[in-house]
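Good morning, and thank you for joining this group meeting. I would ask you to look at the sequence and the structure while I speak.

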Amino acid sequence: MTAQIAFAAANGIVLGMAVFLVAAGLTLVFGILKVFNFAHGSFFMIGAYIAHAITGQDPSSLPYFLFAAFVAALAVGAMGIATDTLVLRRLSSVANDYTLIATFAILLLCDGATKMVFGQDIYAVYPPAVLDQTMDVGILLTYYSVFIVACGIIVFVLLELGLNRLWFGKLVQTVARDPWMAGVIGLRVQRLKLVSVGVSFALAGLAGGLLVANQSLSLSLGHSYLLLAFNSVIVGGLGSIRGAFVAALIFGLFESFNSLLLPSMPGTVSYMVLIAVILLKPEGLFPERT
Amino acid sequence: MLELEGVNAFYDQSHILHDIGFSMEEGGRVAILGRNGAGKTTLLKSIMNAGPRVQGGIRFKSRALANASPDERARLGLAFVPEDRRVFGHLTSYENLKIAQYGASPEREKVPIDDLIGRFPMLVPLRNRPGSQMSGGQQQMLAVARGIAARPHIMLLDEPTEGLAPVIVAELAHEVAACCRDYGIGLLLAEQSIWFSRQCTERVLVIDTGRIVFSGSWQDFDENAERVQRHLAI
Ligand SMILES: Nc1ncnc2c1ncn2[C@@H]1O[C@H](COP(=O)(O)OP(=O)(O)OP(=O)(O)O)[C@@H](O)[C@H]1O
Ligand SMILES: [Mg+2]
């Protein structure tokens, strides 16, 4: 039983970090544009397809796998810049329902385009050979899952440091929190937003490239992590990286123990957590202070 | 330096400013007086293009501003200190001043930030405190310092005395006047306090329901006290 619990905990942490990788870009876009991007999962999926197109089906070397994820990040980041220029920046002064419809339209567009470019086949993708082994630390862990946890932590630390320590991060936060005053003191608000939206989308592409292995790559990949990522962004506090990190871990663990203890009712606990937080602390765990 | 001609400003359908015209010399210091709702804030925001819809000609440094965005105007050398302060809560005092310099016009030599903080004794112990952890009066002081930090050609200062203790108001008047002189900053000041305005400026405009009803030196102002007071009394 202890082994089962340890295993569920380890799985929960891995799932949590995977969810965080997807949630990071989503919460960042919200923080900057105040737009909840329903198409985020599709960009994540596009990242996975691009990485897969580079590495191919068979296990690759770790550097090549990382290179592919990096290219996916760049490509999706560029798509983010196009999306902001064409659509998102125009949504800043319209009612929320338009935003919802517009980002949903982007989702449909992305899914359709992916189908046209990459087809409807389902691929099984393997992690790089060095990560495709297990280690025994009382429970069996794959190197790949440890790699995902490491990626999640690295992305988290880099974002926290980047936003709170770097001058550029402070500029981005200033523009995100008070765009009117940021403009009045002379910051190039539009341009700073564009760059940060590019970075946020790049994170989605990166997540796609890193998480593509060990699961079947298909057009529904976008949906698999997306719901948990949405929940994490809401529970963590819209726009908060730290909140998304903590909430993703919580959801990962609850999901994992849910399937251990209540295998016939998958996902119920997560939604109970979501509902409880919305009722008790609707602003989320780490609401943005102004 | 700054010329307005036939400026009209609107919020949606409401016509707030009517045919405003005046000009300021380089380094000139002008007060705008008027009762609540007269249109002082609207006038400053119109010059900055930071809110109302504006028609008419605004020229700055012999260049028509037309549709230039607020950030372009800031980089040309206008700094607006809004009446609601808008200090950046996640940044320290020092960073609030630094970010204003970062955004501002590149052509003028920068004011050393620590010298500037030294001019406002209230800010000295707050140098590394985030804006969100300051009192209203402290934020007000920082907002004014942030306007000066940009070393603008003209600072548009909206009701800086609001919420400050009387002794502090006196100190602020002294510092604002001194900074404008020392750093070559022109001042367009919207104020309720006639005393404060007199300390900081040499000319005065009175507006009433969106129209300029008086324009002249403080001496003219005193000579026409009776006529002017009608537009200021409630
Ligand atoms: N955002 C807005 N939308 C519509 N009307 C506005 C808006 N802001 C101000 N007004 C109106 O414009 C007029 C001028 O307001 P303004 O803020 O310029 O006055 P003010 O002279 O600065 O007054 P105060 O001394 O109270 O600050 C007022 O009648 C006000 O009701
Ligand atoms: Mg006002």
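**The surroundings of ligand 1**

Around ligand 1 there are 13 residues, and those that come nearest are Gly37(B), Lys40(B), Thr41(B), Thr42(B) and Gln192(B); a residue is near when one of its heavy atoms lies within 4 Å of the molecule. This is a predicted model, in which local features need pLDDT of at least 70 and side-chain atom pairs count only at pLDDT 80 or more, while totals for chains, interfaces and linings use all residues. Residues are numbered from 1 along each chain as its sequence is written, chains are lettered from A and ligands numbered from 1 in the order in which they are written, and side-chain values use heavy atoms, with hydrogens and water left out.

Which class of residue appears in the shell around ligand 1? The shell has three nonpolar, six polar and four charged residues. Here Ala, Val, Leu, Ile, Met, Phe, Trp, Tyr, Cys and Pro count as nonpolar, Asp, Glu, Lys and Arg as charged, and the others, Gly among them, as polar. Helix 1 of chain B, residues 40-48, gives the most to this shell, with three residues; helices (H or I, at least four residues) and strands (E, at least two) are DSSP runs numbered from the N terminus.

Let me turn to the individual atoms. A polar backbone atom of Gly37(B) is 2.8 Å from an oxygen atom of ligand 1, and one of Ala38(B) is 3.2 Å from an oxygen atom of the ligand. Glu83(B) places a polar side-chain atom 3.2 Å from an oxygen atom of ligand 1. On its own, ligand 1 has 630 Å² of accessible area, and the protein covers 60% of that; such areas come from the Shrake-Rupley method with a 1.4 Å probe, and for residues only the protein chains shown count as cover.

**A residue in chain B**

His174(B) has its place in helix 6 of chain B, residues 166-183. Is this residue buried or exposed? His174(B) is exposed, with a relative accessible area of 53%; buried means under 20%, exposed over 50%, and partly exposed in between, with a 1.4 Å probe and protein chains only. From C-alpha to C-alpha, His174(B) and Phe196(B) are 9.3 Å apart in space, and they are 22 residues apart in sequence.

**Chain A as a whole**

Chain A contains 11 helices and four strands. Along its principal axes, the C-alpha trace of chain A spans about 60 × 45 × 35 Å. Of the 290 residues in chain A, 53% are buried.

Key. Polar contact = N/O pair within 3.5 Å; in protein donor to acceptor, adjacent residues only side chain to side chain.
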